[in-house]
Amino acid sequence: AEVYNKLADLLFSIPDVREEVSLISVPGARALWLSSEKVNTSIDSFMVEREFAHLHPPYDGSVHLMAPPNWVDEILEKGWGERHPLAGHAIPGNAIMVYAPRNEHEVKIVYNIVLLSYWRAKGEQIPSPRSLE
């Protein structure tokens, strides 16, 4: 519960993000909705309307989000998550599930992955992980 609450506190303190009930997840999922006027108009930036990610209830604690396409392989290769089962079929291929953090270090990793989705939803260009090396 402590780790979940730390992650939730960070996620819902992101500027221009408001908490909503998820329109596409399990009951109890907490959606991250972008309230900013400036948004990315690409179809693969949001799950539905302005929901770019959602935090599953405490019994799970994972996060579904729309990752920047140039970061999907990095996230998967590092073992931080997996593709959404419907990715590339019913929903865009950059929909991923990030595993629930187990400690404070992992909370920071998950938070930073969510920030990638957030900045992309706001319309920012996200450099590839390879360009940051």
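**Core and overall fold of the predicted model**

In this predicted model, the largest nonpolar core comprises 30 residues, and those with the most contacts inside it are Leu 32, Phe 52, Val 63, Leu 65 and Val 114. At least two residues of this core are supplied by each of helix H1 (2-11), strand E2 (30-34), strand E3 (51-55), strand E4 (63-66), helix H2 (72-77), strand E6 (95-98) and helix H3 (104-121). Helix H3 provides the largest share, eight residues. When residues up to four places away in sequence are not counted, Val 114 touches Leu 11, Ile 14, Leu 32, Phe 52, Val 63 and Leu 65.

The protein chain contains three helices and six strands, which follow one another from the N terminus in the order α-β-β-β-β-α-β-β-α. Among contacts in the protein chain with a separation of 6 or more, 54% are accounted for by residues 24 or more positions apart.

With regard to overall dimensions, the radius of gyration of the protein chain is 14 Å, which agrees with the value near 14 Å that a compact globule of 133 residues would have. Taken along the principal axes, the box filled by the C-alpha atoms is roughly 35 × 30 × 30 Å. Of the 133 residues, 46% count as buried, while the protein chain exposes about 7,100 Å², of which 53% is supplied by carbon and sulfur atoms. The charged side chains number 12 positive and 18 negative, and the centres of these two sets lie 3 Å apart.

Conventions:
Residues numbered from 1 in each chain as written. Predicted model: local features only at pLDDT ≥ 70, side-chain atom pairs only at ≥ 80, totals over all residues. Heavy atoms only, no water. Helix = DSSP H or I, 4+ residues; strand = E, 2+ residues; numbered from the N terminus. Rg over C-alpha atoms; globule rule 2.2 N^0.38 Å. Buried < 20%, exposed > 50% of the residue type's maximum accessible area, 1.4 Å probe, protein only. Contact = heavy atoms within 4.5 Å. Areas by Shrake-Rupley, 256 points an atom, 1.4 Å probe, with all protein chains shown as cover. Lys, Arg positive; Asp, Glu negative; His and termini not counted. Charge placed at Lys NZ, Arg CZ, Asp CG, Glu CD. Core = buried A, V, L, I, M, F, W, Y, C linked by side-chain atoms within 4.5 Å.
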